[in-house]
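I opened this notebook to record a look at ring contacts. The entries follow the order of my queries.

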2 protein chains.
Amino acid sequence: MERFERLKLTIAYDGRPFSGWQSQLNRNGVQDHLKEAFFEILSRPVIVHGAGRTDAGVHAFAQVAHVEVPNRKYALRTWMAALNAHLPGEIRVIKCGRVHGGFHAQYSAVGKVYTYRIWNDTFHHPLELGRSWHIAQSLDPNALRSAGDRFIGTHDFASFSANRRVAENTTRTIYYIRIQRRTELLTVQFAANGFLYRMVRMLMGSMAKVASGRKSVEWIDRLLSEPGKQKANFTAPPEGLYLLKVIY
Amino acid sequence: MERFERLKLTIAYDGRPFSGWQSQLNRNGVQDHLKEAFFEILSRPVIVHGAGRTDAGVHAFAQVAHVEVPNRKYALRTWMAALNAHLPGEIRVIKCGRVHGGFHAQYSAVGKVYTYRIWNDTFHHPLELGRSWHIAQSLDPNALRSAGDRFIGTHDFASFSANRRVAENTTRTIYYIRIQRRTELLTVQFAANGFLYRMVRMLMGSMAKVASGRKSVEWIDRLLSEPGKQKANFTAPPEGLYLLKVIY
């Protein structure tokens with residue numbers, strides 16, 4: 001009887017050349033490239049389970065996936081080298097470990113951390129194209145901070161999700177939102193037990209609207225107090241978003 | 001009589017899409033794009049004088065150029081906005097000032113600072129492609145430091161230049177070489193009164209050879225003591241190099 005083992009992969013990617021994490025008909029999802037790399041190595045299909053989807057253009061410092069492979073076929077460093085040899089340079093397996101059969105990249109995750117980068121200056125810096133959101137208007141740091149504070153804690157985030165599945169539980173707990181500014185570069189880190197579809201981009205878009213004076217913090221309070229009644233129709237662009245960490 | 005004024009431009013660019021700073025027959029030098037932007041605005045050709053050439057793939061945080069334009073035609077911020085509106089996103093004029101007629105971007109410069117970035121890990125990080133030199137072998141920090149120390153001060157760098165002009169003065173003074181390491185990222189900053197053609201890349205290439213144990217520091221001493229007799233045949237790739245500052 002053939003025996004299997006489960007590998008946990010930590011994956012970094014530049015989101016620009018790909019159609020997001022998830023497998024696509026055009027076979028240009030990051031997941032597709034991983035499946036193809038495994039197929040090249042094993043000559044048979046495998047299922048690559050990711051911790052969660054990232055949209056087209058969203059980057060990852062440490063996406064996580066698991067996959068079942070024939071037991072002890074290769075050493076871990078051989079797996080890493082073989083996978084990276086078959087992947088485009090914009091995707092790299094940066095860690096590879098063995099995990100028990102109960103580990104699941106998505107369902108075992110207890111939290112996620114994302115970082116959003118904003119280039120807040122008259123012009124977008126050439127070395128920041130595709131790496132950050134360019135906002136030319138000045139942003140009020142106090143308004144940004146109080147908008148962010150509204151989201152911290154446990155809330156029903158139905159108004160801050162593009163998902164339309166009705167039965168879904170849309171309550172999440174945000175542990176912290178860390179805001180840092182170094183001259184033109186504004187960095188916002190979001191940590192939560194999980195995020196709904198497009199949620200980080202909608203939180204960020206809403207915070208930016210408040211910081212630029214076009215919406216009030218009370219508008220955020222209303223959206224949170226009547227979940228799903230109205231959507232926060234401001235979605236920050238994908239290129240500023242980075243999946244930083246999946247917590248298990 | 002038409003009067004002119006001299007503008008000093010500070011320019012940032014991502015080196016990847018261009019054929020280097022200098023005008024090319026393919027019109028894809030950064031200089032070409034600037035000349036075209038001025039032509040679009042003024043409907044006549046101007047000469048764009050740069051502080052120095054950068055090779056294809058080399059980036060700039062602050063290249064400097066000067067140009068003569070009709071006196072007081074536009075406010076400085078209008079010049080910046082108009083130029084940037086006609087430039088590709090990978091080139092941005094980040095500062096624009098008026099200077100006296102004696103100022104020359106190249107000849108008035110008294111020094112330059114470059115930064116070189118090395119990604120020193122088994123695999124090149126996806127978000128570092130085109131932004132750093134990937135070196136997989138481990139680098140000895142002490143050897144790197146002592147190789148760098150050999151270059152500091154005033155030397156004839158003829159062995160560390162790709163230039164073939166015989167009569168050229170190849171003596172330069174290096175003020176400092178600053179080495180910093182943060183996990184996988186190694187950053188080396190070079191400051192000098194000037195650099196010969198490809199000199200920073202050849203210094204960096206030679207330092208890396210010593211740090212990886214393939215050359216001794218005595219090899220550097222020999223190249224410095226017999227200038228031009230032999231060339232240091234190791235040129236670090238352009239994508240790790242950034243023009244950080246021109247000093248006037």
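Entry 1. I note at the outset that the model is predicted. I searched the whole structure for aromatic pairs and obtained 22 over all chains.

Entry 2. I then took up A:Phe38 and A:Trp79, whose rings form a tilted aromatic pair with 5.5 Å from centre to centre and 50° between the planes. I asked which parts of chain A this pair ties together. A:Phe38 belongs to helix 1 (residues 30-42) and A:Trp79 to helix 2 (residues 76-86), so the contact joins parts that are 41 residues apart in sequence.

Entry 3. Are these two rings buried or exposed? I found A:Phe38 buried, at 0% relative accessibility. A:Trp79 is buried as well, its relative accessible area being 0%. Both values fall under 20%, the limit for buried.

Entry 4. I next looked up A:Phe151 and A:Phe157, which also form a tilted pair, with 6.3 Å between centres and 45° between planes. The angle lies neither under 30 degrees nor over 60, so the pair counts as tilted. A:Phe151 is buried at 0% relative accessibility, and A:Phe157 is buried with a relative accessible area of 0%.

Entry 5. I returned to A:Phe38 and A:Trp79 to see which cluster holds them. Together with A:Tyr74 they make up one aromatic cluster.

Entry 6. I closed with charges over rings. In chain A, A:Arg178 lies over the face of A:Tyr176, 4.0 Å from the ring centre. In chain B, the charged end of B:Arg178 sits over the ring of B:Tyr176, at 4.0 Å from its centre.

Notes:
Residues are numbered from 1 along each chain as its sequence is written. Chains are lettered from A and ligands numbered from 1 in the order in which they are written. This is a predicted model: local features need pLDDT of at least 70, side-chain atom pairs count only at pLDDT 80 or more; totals for chains, interfaces and linings use all residues. Side-chain values use heavy atoms; hydrogens and water are left out. Rings of Phe, Tyr and Trp (its six-membered ring) pair if their centres lie within 6.5 Å; planes under 30 degrees apart count as stacked, over 60 as edge-to-face and the rest as tilted. Helices (H or I, at least four residues) and strands (E, at least two) are DSSP runs, numbered from the N terminus. Buried means under 20% relative accessible area, exposed over 50%, partly exposed in between (1.4 Å probe, protein chains only). A charge sits over a ring if NZ of Lys or CZ of Arg is within 6 Å of the ring centre and within 35 degrees of the ring normal.
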